[in-house]
Amino acid sequence: MGLLISGLPTAILVDEQVCRIDASYHTCLKIIMAFEDNTLTNAEKAMVMIDLLYIDKPASFNSAFEKGIQFLDCGEAGRRDVEEPTDRKYSFSHDEKYIFSGVNRVLNGRLSTGEFVHWWEFVMAFMELPEDCIMSRIIYFRTRFAKGKLTKEEKQVYYENRCMFELPLDLSADEQAKADEFMRLLGE
């Protein structure tokens, strides 16, 4: 059964075990932000997801992880299009206020009121951001910049607002240490 018939899931079937989940957008955003955190190992990221997502802890860790990823992908199995960091068009941590504002607008203020919003509702609202929304404009500029397609006027806007348009580099702890050492040496 699909979303239109079955509604939004509040449990996941993991190896014949029905496990209740915390399907709130808050919880799922915490998981996504953990996945974006380069200071965590992959195993730690998986543990964060299992601990936060599942109310009823499943017996099989690997199956629970796979099913959890499928849930975060709004039910789409096997869709793991991993993008290079330069291809990213948004970051939930960096673009937080713009995403909140746009999604809140689509959901008619439900985020502001603290009303429960299911993760899938949040994702669908994010996909429906109107063109005149700031987050839509940011994604537009990032996409055009990545393709080298900005017009002269757009380039001026982009460079005047770099702090809004450019995503911070996600460096591992080792890469950050090397960059810090390099900058220290430049300062000598």
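Helices here are DSSP runs of H or I with at least four residues, and strands are runs of E with at least two, both numbered from the N terminus. By that criterion, the protein chain of this predicted model has ten helices and two strands. Read along the sequence, the elements follow the pattern α-β-β-α-α-α-α-α-α-α-α-α. Of the 188 residues in the chain, 31% count as buried.

The N-terminal part of the chain contributes to a feature of the surface. L8 lies in the loop that runs between α1 (3-6) and β1 (11-14). With a relative accessible area of 30%, L8 is partly exposed, because this class covers residues that are neither under 20% nor over 50%. L8 also joins L3, M124 and M127 in a nonpolar surface patch of about 330 Å².

Further along the sequence, a pair of helices can be described by its packing geometry. Helix α7 comprises residues 134-146 and helix α8 residues 152-160; the two pack at an angle of about 115°, and their axes are 11 Å apart. The helices α7 and α8 are therefore roughly perpendicular. The crossing of α7 and α8 is left-handed.

Helix α7 also contains I134. This residue has a relative accessible area of 48% and is therefore classed as partly exposed, the cut-off for an exposed residue being over 50%. I134 is separated from S101 by 33 residues in sequence, while the C-alpha atoms of I134 and S101 are 8.5 Å apart in space.

How values were computed: Residues are numbered from 1 along each chain as its sequence is written. This is a predicted model: local features need pLDDT of at least 70, side-chain atom pairs count only at pLDDT 80 or more; totals for chains, interfaces and linings use all residues. Side-chain values use heavy atoms; hydrogens and water are left out. Patches are made of residues with over 30% relative accessible area and no salt bridge: like charges are joined within 9 Å, nonpolar side chains (Val, Leu, Ile, Met, Phe, Trp, Tyr) within 5 Å. Accessible areas come from the Shrake-Rupley method with a 1.4 Å probe; for residues, only the protein chains shown count as cover. A salt bridge is a side-chain nitrogen of Lys or Arg within 4 Å of a carboxyl oxygen of Asp or Glu. Buried means under 20% relative accessible area, exposed over 50%, partly exposed in between (1.4 Å probe, protein chains only). Axes are lines fitted to C-alpha atoms, for helices over the stretch in contact, and angles run from 0 to 180 degrees between N-to-C directions. Angles under 35 degrees count as roughly parallel, over 145 as roughly antiparallel, 65 to 115 as roughly perpendicular and the rest as oblique. A crossing is left-handed if the near helix is turned anticlockwise from the far one by less than a right angle, and right-handed if clockwise.
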